[in-house]
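Here's a quick briefing to read alongside the model. Take a look at the structure first, then work through the points by topic.

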Amino acid sequence: MPRPVDVDELQERLLGAGYVADAGLATALACAVSLERAVLLEGDAGVGKTDAARALANVFGARLLRLQCYEGLDLAAAAYDWNYGKQLLAIRAAEAAHERTPDLYADEFLIRRPLLAALGAERERGIVLLIDEIDRADDEFEAFLLEFLADFAISIPERGTVAAEHRPIVVLTSNRTRDLHDALKRRCFYHWIGHPSVEREIEIIRLHLPDVAPELARDVARAAAALRERELRKAPGIAESLDWAQTLGILGAERLDASNFEPSLGSVLKYPEDIELARASAAAIISAAHPSTSSG
Amino acid sequence: MTADVAAIAGGFDGALRARGVSAGTRRAQTFADVLRALPPASAEETYWRARAAMLPSIDDVDGFNAAFLEFFGALGDADALRRLVRSVEAPPRRPPRELPKRETLPPPPSDEPANERLAERAPTQWVVASNEHRLTDKAFEEFDEAERAAMLRLIARVRVAGELRRSRRRRAHAHGDRFDFRGTLRGAARTAGELVRRRATRRREKLRPVVFLLDVSGSMGPFARALVQYAWVTAVARPRVRAFAFATQLTDLTPLLKRASDERLMSALAESVRDYGGGTRIGAALRAFNDRFGQRGAARGGTVVILSDGWERDDPALVGTEMLRLRRLARRIVWVNPHKRHAAYEPLARGMAAALPYLDAFLSGHSLRTLEAVADAIEGRSA
């Protein structure tokens, strides 16, 4: 049973939770919540995909369960496992007491991993299931997810099928290191999180780092935008510009200028070639950060 | 409006399809659900709702935007809408292609006309079929049209290359190297809790990726066609194969492998060569590949096969830098240069000279037989 969520209201509540979402992202999230279907967020590293799920959990007062994907991720790590040590002890204890062997597949021996735990959402307290970097998992896991997302149920051979009474909100993220199967993508709402506009980035920096001077936040956002226009190995994401602003704040800077540009570059660019390139065009980037001084 | 919601979603799906964006009925169904649950109040709201539900990937966004303007721009006009809804037709389905058979070269020259299937073939192909031996050593650029058709068939007989690496996934194995607690205990349940049989797992093996980077400019055309055909055959037979074409820009052919017909694959190749204007930008293409695909994992731990004559229009130093980067990502780099078949060949092209220090194998790959050597090199066997 869908619970419609107003897009504008969600956008505002996300902002209240410390996350600046544009209309597109807010719509995708509102659709996912309203129709109880998963949402797939794609985007370059550091644009705030994971944070979107955190903020969503915050907004709905839900528990956040995070499943970090990696190659070789299997059911024992993703869905459930049995507590073997405890099972063995139970057998031995029953033997010693000359009792019947207990049910080895009872609840007490079951270890709930994120996917199974996500099926235990309650009416009062929902669950946001974050399946992070799904592109790092392999095809086999993706195939399993298809089943999971279709029915919100997991079948445990020893126990039967466990189905969700209340469906969790599922957020998948991908860095696009490989293409996902369309079968999986078809089952999700989709949103591409791009790099933010300068205004939005200023807003984000001010929101996350209230101690940083407003001028510095503006400088950093403009300089980050200028950096992104250049041909870098790895364009800075929001995470990097936040690091940059924080670093400059710690260095005691009030504006971004020639004296602190080079020493702080390591916090925003992660390849020596990129740092070299930024150094070579330092003047242009700094003047892009201060449009008022360069034009006047 | 509720009653029309399904029609709108279906019609928009058609508009998308017409623009080459395959969203599919499942997404259209989702879109209809969204329109019902969250009715949009403005064009912008409609746009974002449509995008969240119907856009398959950010790569499709241009086609999506065009289709949106086309379809929802016409919504006000009832006649136009009806016309659009009527225009929704399924595209003609292509017959499934035969799976390539894996045989070894050279194929037996068959002289028995008794076979029914052979008898149905066109006479020209008959001649070609009896000349398969001759084609094996012929350079791809000397093929005429009929021979080329035969070549496509023959290429399916070149050995499909695949190299294994150990995966992080595990499978049960009698002499595995890791004790399997779960399996052992499950077995113990059958023997009244006594741990009788030790079970173990071992790591699985997985195919390493293969990436083809094909220079399609100028004289490389016929060889690129042959290699992309080989990539196609490989992609059908095994996973983790990607192919790219480049002249002055890089084009990803991977989505076309497996699925597309010959003609579509070839027209995509032709498309990528369209902007060609004297020379190739190998360095820029390698850089685009490294930035967008290689660094993200397409080349990691795999083999990269590059087809090019090494004629660089721009600075060959960039070829060197990017080859070094590729060297760090890939396990093996194989360079195919058809000119190498000539005895007097020397790598004088500046791009070629810059790339040479980073290669594991340098081959001619100009004919079906030498393509076998490429297959060997992909697996790291010396030719």
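**Chain A at a glance**

Of the 296 residues in chain A, 40% are buried. Keep in mind that this is a predicted model. We'll start with chain A, move on to chain B, and then see where the two touch.

- Chain A has 15 helices and nine strands.
- Its C-alpha trace spans about 90 × 40 × 35 Å along the principal axes.
- If you take the contacts in chain A between residues at least 6 apart in sequence, 76% of them join residues at least 24 apart.

**How chain A divides up**

- The domain assignment splits chain A into domain 1 (7-72 + 114-192) and domain 2 (198-288).
- The C-alpha centres of domain 1 and domain 2 of chain A sit 31 Å apart.
- Where these two meet, eight residues of domain 1 of chain A and 10 residues of domain 2 of chain A take part.
- On the domain 1 side of that contact in chain A, you'll find three nonpolar, three polar and two charged residues.

**The nonpolar cores**

- As a general point, nonpolar side chains tend to be buried together in soluble globular proteins.
- The largest nonpolar core here has 110 residues, and Val171(A) and Val220(A) are the ones that touch the most other members.
- Helix H2 (residues 23-35) of chain A gives this core its largest share, nine residues.
- What does Val171(A) contact, leaving aside its neighbours within four places in sequence? The list is Val39(A), Leu41(A), Ala52(A), Ala53(A), Leu56(A), Val128(A) and Leu130(A).
- Apart from the largest core there is another, of 69 residues, with Leu213(B), Phe223(B), Ala245(B) and Met323(B) among them.

**Chain B at a glance**

- Chain B has 16 helices and nine strands.
- Its 383 residues include 37% that count as buried.
- For contacts in chain B between residues at least 6 apart in sequence, 74% link residues at least 24 apart.

**How chain B divides up**

- Chain B is assigned domain 1 (2-86), domain 2 (116-155), domain 3 (164-207) and domain 4 (210-378).
- Domain 2 of chain B puts 12 residues into its contact with domain 4 of chain B, which supplies 13 residues.
- On the domain 2 side of this contact, helix H8 (132-136) and helix H9 (145-155) of chain B are the elements giving two or more residues.
- The largest share of that side, four residues, belongs to H9(B).
- By class, the domain 2 side of the contact in chain B holds eight nonpolar, one polar and three charged residues.

**A helix pair in chain B**

- The axes of H2(B) and H3(B) come within 8 Å and cross at roughly 145°, and the crossing is right-handed.
- Which residues make the contact between H2(B) and H3(B)? From H2(B) they are Arg27(B), Thr30(B), Phe31(B), Val34(B) and Leu35(B), while H3(B) brings Arg49(B), Ala50(B), Ala53(B) and Met54(B).
- Sorted by class, the residues of this H2(B)–H3(B) contact are six nonpolar, one polar and two charged.

**Where the chains meet**

- Chain B uses 28 residues to contact 34 residues of chain A.
- Helix H2 (25-37), helix H3 (43-54), strand E1 (164-172), helix H10 (181-190) and helix H13 (282-298) of chain B each give at least two residues to the side that touches chain A.
- That side of chain B is made up of 12 nonpolar, five polar and 11 charged residues.

Conventions
Residues numbered from 1 in each chain as written. Chains lettered and ligands numbered in written order. Predicted model: local features only at pLDDT ≥ 70, side-chain atom pairs only at ≥ 80, totals over all residues. Domains from an automatic or database assignment. Contact = placed C-beta atoms within 7 Å. Nonpolar A, V, L, I, M, F, W, Y, C, P; charged D, E, K, R; others polar. Core = buried A, V, L, I, M, F, W, Y, C linked by C-beta atoms within 7 Å. Buried ≥ 20, exposed ≤ 12 C-beta atoms within 10 Å, placed from the backbone. Axes fitted to C-alpha atoms, helices over the stretch in contact; angles between N-to-C directions. Left-handed = near helix turned anticlockwise from the far one by under 90°.
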